[in-house]
Amino acid sequence: QVQLVESGGGLVQAGGSLRLSCAASGSIFSINAMGWYRQAPGKQRELVAAITSGGSTNYADSVKGRFTISRDNAKNTVYLQMNSLRPEDTAVYYCNADIRSAWGTRTRDYWGQGTQVTVSS
């Protein structure tokens, strides 16, 4: 079994900052890409940022220059530093990871339970 546990969400004023963390635990042989998605009420879930095992990153246009994704491979943890937050960043943020549980097996997509981020104007 693999679990992704997120932390760091909350309420912040516009212009403020938050840092999200997501730790993977359980039966893990290796982790490929890790990422953060978000879903606002009435909207589809969208990619916010992703990072490969080698450290290459990809961002949604709406967060470029404001958010930074990073990971600590030794801790199986991915982070999302969110600066200059805007009311439109309000959403539930989900962690995602592509994980291989044992040598020779296929990778599988795992999701965290989600953490609420609310930005007040």
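Arg66 is buried, with a relative accessible area of 7%, where buried means under 20% relative accessible area, exposed means over 50%, and partly exposed is in between, computed with a 1.4 Å probe on protein chains only. I should say at once that this is a predicted model, in which local features need pLDDT of at least 70 and side-chain atom pairs count only at pLDDT 80 or more, while totals for chains, interfaces and linings use all residues. Residues are numbered from 1 along each chain as its sequence is written, and side-chain values use heavy atoms, with hydrogens and water left out.

Let me stay with Arg66 and its partner. Arg66 forms a salt bridge with Asp89, the closest N and O atoms being 2.8 Å apart, and by salt bridge I mean a side-chain nitrogen of Lys or Arg within 4 Å of a carboxyl oxygen of Asp or Glu. This pair links distant parts of the chain, with Arg66 in the loop between β6 (57–59) and β7, and Asp89 in the loop between β8 and β9, 23 residues apart. The strands I name are DSSP runs (E, at least two residues; helices would be H or I, at least four), numbered from the N terminus.

Asp89 itself is buried, with a relative accessible area of 0%, and a second arginine reaches it: Arg38 forms a salt bridge with Asp89, at 3.0 Å between the closest N and O atoms. Because Arg38 lies in strand β4 and Asp89 in the loop between β8 and β9, this pair ties together parts that are 51 residues apart in sequence. Arg38 is also buried, at 6% relative accessible area, and its side chain meets that of Glu46 in a further salt bridge, 2.7 Å from N to O. Glu46, by contrast, counts as partly exposed, at 37% relative accessibility. How many salt bridges are there by this rule? The count comes to four, and those that share partners join Arg38, Glu46, Arg66 and Asp89 into one network.

Two other arginines sit over aromatic rings, by which I mean that CZ of Arg, or NZ of Lys, is within 6 Å of the ring centre and within 35 degrees of the ring normal. Arg19 lies over the face of Tyr79, at 4.1 Å from the ring centre, and Arg45 lies over the face of Tyr94, at 3.8 Å from the ring centre.

Now to the disulfide, of which the structure holds one, a disulfide being a pair of cysteine sulfur atoms within 2.5 Å. Cys22 and Cys95 form it, with their sulfur atoms 2.1 Å apart. Since Cys22 lies in strand β3 (residues 18–26) and Cys95 in strand β9 (residues 91–100), the pair ties together parts that are 73 residues apart in sequence. The torsion about the S-S bond of Cys22 and Cys95 is about -80°, so the disulfide is left-handed, and both Cys22 and Cys95 are buried.

Which residues touch the most other members of the largest nonpolar core? They are Trp36, Leu80, Met82 and Tyr93, out of 31 residues in that core, where a nonpolar core is a set of buried Ala, Val, Leu, Ile, Met, Phe, Trp, Tyr and Cys residues joined through side-chain atoms within 4.5 Å. The elements giving two or more residues to this core include β1 (2–7), β5 (46–51) and β11 (115–120), and β9 gives the most, with five residues. Leu80 touches, among others, Leu18, Val48, Phe67, Ile69 and Tyr93, not counting residues up to four places away in sequence, and contact here means heavy atoms within 4.5 Å.

Finally, consider two serines in strand β3, Ser21 and Ser25. At 18% relative accessibility, Ser21 counts as buried, and, leaving out residues up to four places away in sequence, Ser21 touches Val5, Glu6, Ser7, Trp36, Val78 and Tyr79. Ser25 is partly exposed, with a relative accessible area of 36%, and, again not counting residues up to four places away in sequence, Ser25 touches Gln1, Val2 and Gln3.
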